[in-house]
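Visitor: I should like a close look at a single part of this model, followed by a connected account of its surroundings. Please state each criterion as it is used.

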Amino acid sequence: MAHHGNTPAAWTAVLVILVGFVVGGIGLVVGSWLTFWVGVALVPIGAIVGKVMQRMGMGAEPVSR
């Protein structure tokens, strides 16, 4: 059965990455480099959080073929 990313790990990773993009975009618009770099830092953090949650059993199991 395919989950198509509909797991807590995937949702959390996407949410954190989306927040990173929004924060980075706001930093660019208002001219705050600190805010921009905080947003940039959140993107890989979101990917790491998603992978850790997947390994904790909150993600989809890899499909073996």
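Is V14 buried or exposed, and what is its relative accessible area?

Guide: V14 is exposed, because its relative accessible area is 52% and the classes are set as follows: buried is under 20% relative accessible area, exposed is over 50%, and partly exposed lies in between, with a 1.4 Å probe and protein chains only. The model is a predicted one, in which local features need pLDDT of at least 70, side-chain atom pairs count only at pLDDT 80 or more, and totals for chains, interfaces and linings use all residues. Residues are numbered from 1 along each chain as its sequence is written, and side-chain values use heavy atoms, with hydrogens and water left out.

V14 belongs to helix α1, which covers residues 8–30. Helices (H or I, at least four residues) and strands (E, at least two) are DSSP runs, numbered from the N terminus. The protein chain has 2 helices and 0 strands. Of its 65 residues, 18% are buried. From C-alpha to C-alpha, V14 is 9.1 Å from V43, although 29 residues separate the two in sequence.

The extent of helix α1 can be checked against its expected span, defined as 1.5 Å times one less than the number of residues. With 23 residues, α1 should span 33 Å, and its end C-alpha atoms are indeed 33 Å apart, so the two values agree. In contrast to V14, which is exposed, the residues A9, A13, G20, G24 and G27 of α1 are buried. The cover over these buried residues includes α2. G25, also in α1, is partly exposed, because its relative accessibility is 28%. Its C-alpha atom is 6.8 Å from that of F36, which is 11 residues away along the chain.

Another part of α1 contributes to the surface. L18, V22, I26, V29 and V30 make a nonpolar surface patch of about 490 Å². Patches are made of residues with over 30% relative accessible area and no salt bridge; like charges are joined within 9 Å, and nonpolar side chains (Val, Leu, Ile, Met, Phe, Trp, Tyr) within 5 Å. A salt bridge is a side-chain nitrogen of Lys or Arg within 4 Å of a carboxyl oxygen of Asp or Glu. Within this patch, V29 counts as exposed, because its relative accessibility is 73%. For the whole protein chain, the accessible surface is about 4,900 Å², and carbon and sulfur atoms hold 74% of it. Accessible areas come from the Shrake-Rupley method with a 1.4 Å probe; for residues, only the protein chains shown count as cover.

Towards the start of α1 there is W11, which is exposed, because its relative accessibility is 57%. Neighbours within four places in sequence aside, W11 is in contact with G5 and N6, where contact means heavy atoms within 4.5 Å. W11 and G59 lie 48 residues apart in sequence, with their C-alpha atoms 9.5 Å apart. In the segment before α1 one finds T7, which is buried, because its relative accessible area is 8%. T7 touches M58, G59 and A60, residues up to four places away being excluded. Across the chain, 53% of the contacts with a separation of 6 or more join residues 24 or more positions apart.

After α1 comes G31, with a positive phi near 80°. Helix α2 has 26 residues and should therefore span 38 Å; its end C-alpha atoms are 35 Å apart, which agrees. F36, G39, G46, G50 and M53 are buried in α2, and the buried residues of this helix pack against α1.

The structure contains 2 aromatic pairs; rings of Phe, Tyr and Trp (its six-membered ring) pair if their centres lie within 6.5 Å, with planes under 30 degrees apart counted as stacked, over 60 as edge-to-face and the rest as tilted. The pair of W33 and F36 is edge-to-face, because the planes stand at 85°, with the ring centres 5.6 Å apart. Both residues lie in α2 (residues 33–58), 3 residues apart, about one turn of the helix. W33 is exposed at 58% relative accessible area, whereas F36 is buried at 17%. F36 also pairs edge-to-face with W37, at 4.9 Å centre to centre and 75° between the planes. W33, F36 and W37 thus form one aromatic cluster.
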